[in-house]
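Me: I'm new to this structure and a bit lost. Could you pick one part, take me through it slowly, and then show me how the rest looks beside it?

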Amino acid sequence: MRVVLVDDQEMILAGLSAMLAGFPGRVRVVGQAGTSAEAIRLVTTLRPDIVLLDVRLGGESGLDLCRSLTERAPDTRVVFLSVYDDEPYVFEALRAGASGYLLKRVDGPELLRRLEEVVGGETVVDPTLAGRMAVSAARMRRGEFWPGADRGLTQRESEVLSLLVTGLSNRAIAGRLVLSEETVKSHLRGVYRKLEVNDRSAAIAMALREGLFR
């Protein structure tokens, strides 16, 4: 397997590279990147079998990068390697086109085995998350989570969207939830990305059309 590593921490890149170097003949790290721009350049040039990346890259989103990579290099599989063990991150990663979501505590042999499964066409999820995801998916279908959870919205993002639907401004939402306006704007950016819309009007229309708030 030819692998490109993407992480904003040099120590993580060095550790992963050293870990995978212990399996010559089965895997080879062909490139490393610390930013989305570097990753896109490497992947479109090298066309690796797998990109191993984190959910967050400093101030950038690994989820957005995943979407870009799967569009630009559809034959390359993306696998997230993260410290975040929350189910919403996994659901959103899979929706973004990822072929796997593993936790950074995975050891070398397990990581290699999982990557080989991905190359073989499987979608892999860390075993500690798989059971919880099944339970969460069932609860989402029964409507036991907050509105929009099935689309990856966090509870706070759902609250912001619900107030947006009622017609409140960013300042009014911030006052109601005791947040800064900048924090509200950050939550709204997350809402737009996850609902795949570009502005507040489209987000409101989507929420009303899908009946998120009854």
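**A close look at helix H7**

Reply: Let's begin with the whole chain: residues 24 or more positions apart account for 64% of the contacts in the protein with a separation of 6 or more, where a contact means heavy atoms within 4.5 Å. Bear in mind that this is a predicted model, in which local features need pLDDT of at least 70 and side-chain atom pairs count only at pLDDT 80 or more, while totals for chains, interfaces and linings use all residues. Residues are numbered from 1 along each chain as its sequence is written, and side-chain values use heavy atoms, with hydrogens and water left out.

The protein has ten helices and eight strands; these are DSSP runs, H or I of at least four residues for helices and E of at least two for strands, numbered from the N terminus. Its C-alpha atoms fit in a box of roughly 60 × 35 × 30 Å along the principal axes. A compact globule of 214 residues would have a radius of gyration near 17 Å, and the 19 Å of the protein agrees with that. That radius is taken over C-alpha atoms, and the globule rule is 2.2 Å times the number of residues to the power 0.38. Of the 214 residues, 45% count as buried. Buried means under 20% relative accessible area, exposed over 50%, and partly exposed in between, with a 1.4 Å probe and protein chains only.

Now zoom in on H7, which covers residues 155-165. Its buried residues are Glu 157, Ser 158, Val 160, Leu 161, Leu 163 and Leu 164. The spacing is worth a thought: an α-helix has 3.6 residues a turn, so residues three or four places apart point the same way. What do the buried residues of H7 pack against? They pack against helix H8 (170-177), helix H9 (181-195) and helix H10 (200-209). Just after H7 comes Gly 167, with a positive phi of about 100°.

Take the H9 partner. Two packed helices are described by the angle between their axes and the distance between the axes. H7 and H9 pack at an angle of about 95°, with their axes 9 Å apart. That makes H7 roughly perpendicular to H9. On the H7 side, the contact is made by Arg 156, Glu 157, Val 160, Leu 161 and Leu 164, and on the H9 side by Val 184, His 187, Leu 188, Gly 190, Val 191, Lys 194 and Leu 195. By type, these residues divide into seven nonpolar, two polar and three charged.

A few words on how those are sorted. Axes are lines fitted to C-alpha atoms, for helices over the stretch in contact, and angles run from 0 to 180 degrees between N-to-C directions. Angles under 35 degrees count as roughly parallel, over 145 as roughly antiparallel, 65 to 115 as roughly perpendicular and the rest as oblique. Ala, Val, Leu, Ile, Met, Phe, Trp, Tyr, Cys and Pro count as nonpolar, Asp, Glu, Lys and Arg as charged, and the others, Gly among them, as polar.

The loops around H9 have something for you as well. Between H8 and H9 sits Val 178, which has a positive phi of about 60° although it is not a glycine. Val 178 counts as exposed, at 73% relative accessibility. In the loop between H9 and H10 you'll find Glu 196. Glu 196 also isn't a glycine, yet has a positive phi of about 60°, and with a relative accessible area of 69% it is exposed.

For a helix pair elsewhere, look at H2 (residues 36-46) and H3 (residues 62-72), whose axes come within 10 Å and cross at roughly 20°. H2 and H3 are therefore roughly parallel to each other. Their contact is made by Ser 36, Ala 39, Ile 40, Val 43 and Thr 44 of H2 together with Leu 65, Ser 68, Leu 69 and Arg 72 of H3. Those divide into five nonpolar, three polar and one charged.

While you're at H3, find Cys 66 in that helix. Cys 66 counts as buried, at 0% relative accessibility. Leaving out residues up to four places away in sequence, Cys 66 touches Val 78, Phe 80, Ala 96, Gly 97 and Ala 98.
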